[in-house]
Amino acid sequence: VAFVVCRSLEGLKTFSYLEELILDNNLLGNDLLLPRLPHLHTLTLNKNQISFQRNTCKILLDHLAEVVPSLQYLSLLGNMACPNELVCKEKDEDDYQRYR
């Protein structure tokens, strides 16, 4: 028996008036692609696999700026791109403030 895991967010395009979206704990990475959601103002991507690699993180942030122009709140807690002492014992409040 073979299982195919398909993690596509393409179906979100039918919710074009969506204002808040929580995608926590979904194994999403820097290659995340969202459809255009012009009314989305809150997006949480907590505890995924988003890393702080300058090029790929910038590409993700540029993509979000393009497809969610109304975005006011983005949460990345629990990702390597936003370390904090609650998730990673080696990190402290200064690390969190620096990445934020």
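Buried means under 20% relative accessible area, exposed means over 50%, and partly exposed is whatever falls in between. Keep that in mind for the close-ups below, which all come from a predicted model.

**View 1. Histidine 41, a residue in the loop between β1 and β2.**
Is histidine 41 buried or partly exposed? Its relative accessibility is 23%, so histidine 41 counts as partly exposed. Look for glutamate 20 in this view: the two residues are 21 apart in sequence, yet their C-alpha atoms sit 6.1 Å from each other. Setting aside neighbours within four places in sequence, histidine 41 is in contact with Glu19, Glu20, Ser70, Leu71, Gln72 and Tyr73.

**View 2. The whole protein, before zooming in further.**
Here you can pick out 2 helices and 3 strands. Following the sequence from start to end, they come in the order β-β-α-β-α. The protein has 100 residues, and 36% of them count as buried. Its accessible surface comes to about 7100 Å², with 54% of that belonging to carbon and sulfur atoms. Now take the contacts between residues with a separation of 6 or more: 45% of them are made by residues 24 or more positions apart.

**View 3. Residues 1-6, where pLDDT stays under 50.**
How many contacts beyond four places in sequence does the model have for residues 1-6? The number is 0. Where pLDDT is low, the predicted coordinates should not be read in detail. For the protein as a whole, the average pLDDT is 82, and 75% of the residues score at least 70.

**View 4. Threonine 44 in strand β2.**
Strand β2 covers residues 42-44, and threonine 44 is part of it. With a relative accessible area of 11%, threonine 44 falls under the 20% cut-off and is therefore buried. Which side chain does threonine 44 join through a polar contact? The partner is aspartate 24, and the polar contact between the two side chains is 3.0 Å. Aspartate 24 has company, too: leaving out residues up to four places away in sequence, threonine 44 touches Leu21, Ile22, Leu23, Asp24, Tyr73 and Ser75.

**View 5. The largest nonpolar core and its 19 residues.**
Which members of this core touch the most other members? They are Leu21, Leu23, Leu32, Leu34, Leu43 and Leu45. Helix α1, made of residues 54-67, gives the most to this core, with 3 residues.

**View 6. Leucine 32, a member of that core.**
Leucine 32 is found in the loop between β1 (20-22) and β2. Its relative accessible area is 4%, which means it sits under the 20% cut-off and counts as buried. Beyond neighbours within four places in sequence, leucine 32 has contacts with Leu9, Leu45, Leu60 and His63. How far apart in space are leucine 32 and isoleucine 50? They are 8.9 Å apart, C-alpha to C-alpha, with their positions 18 residues apart in sequence counted as the separation.

**View 7. Serine 51, in the loop between β2 and α1.**
Is serine 51 buried or exposed? Serine 51 has a relative accessible area of 18%, so it is buried under the 20% cut-off. Once neighbours within four places in sequence are left aside, serine 51 is in contact with Asn30, Cys57, Met80 and Ala81.

**View 8. Lysine 58 and aspartate 62, a salt bridge within helix α1.**
The structure holds 2 salt bridges, and this view shows one of them. The closest N and O atoms of lysine 58 and aspartate 62 are 2.9 Å apart. Both residues lie in helix α1, where they are 4 residues apart, about one turn of the helix. Lysine 58 is partly exposed at 49% relative accessibility, and aspartate 62 is partly exposed at 42%.

**View 9. Lysine 13 and glutamate 10, another salt bridge.**
How far apart are the closest N and O atoms of lysine 13 and glutamate 10? The gap is 3.0 Å. Lysine 13 has a relative accessible area of 49%, which makes it partly exposed. Glutamate 10 is partly exposed as well, with a relative accessible area of 43%.

Note on methods:
Residues are numbered from 1 along each chain as its sequence is written. This is a predicted model: local features need pLDDT of at least 70, side-chain atom pairs count only at pLDDT 80 or more; totals for chains, interfaces and linings use all residues. Side-chain values use heavy atoms; hydrogens and water are left out. pLDDT is the predictor's confidence in each residue, from 0 to 100. Contact means heavy atoms within 4.5 Å. Buried means under 20% relative accessible area, exposed over 50%, partly exposed in between (1.4 Å probe, protein chains only). A polar contact is a pair of N or O atoms within 3.5 Å; within protein, one must be able to donate a hydrogen and the other to accept it, and residues adjacent in sequence count only if both atoms are side-chain atoms. Accessible areas come from the Shrake-Rupley method with a 1.4 Å probe; for residues, only the protein chains shown count as cover. A nonpolar core is a set of buried Ala, Val, Leu, Ile, Met, Phe, Trp, Tyr and Cys residues joined through side-chain atoms within 4.5 Å. A salt bridge is a side-chain nitrogen of Lys or Arg within 4 Å of a carboxyl oxygen of Asp or Glu.
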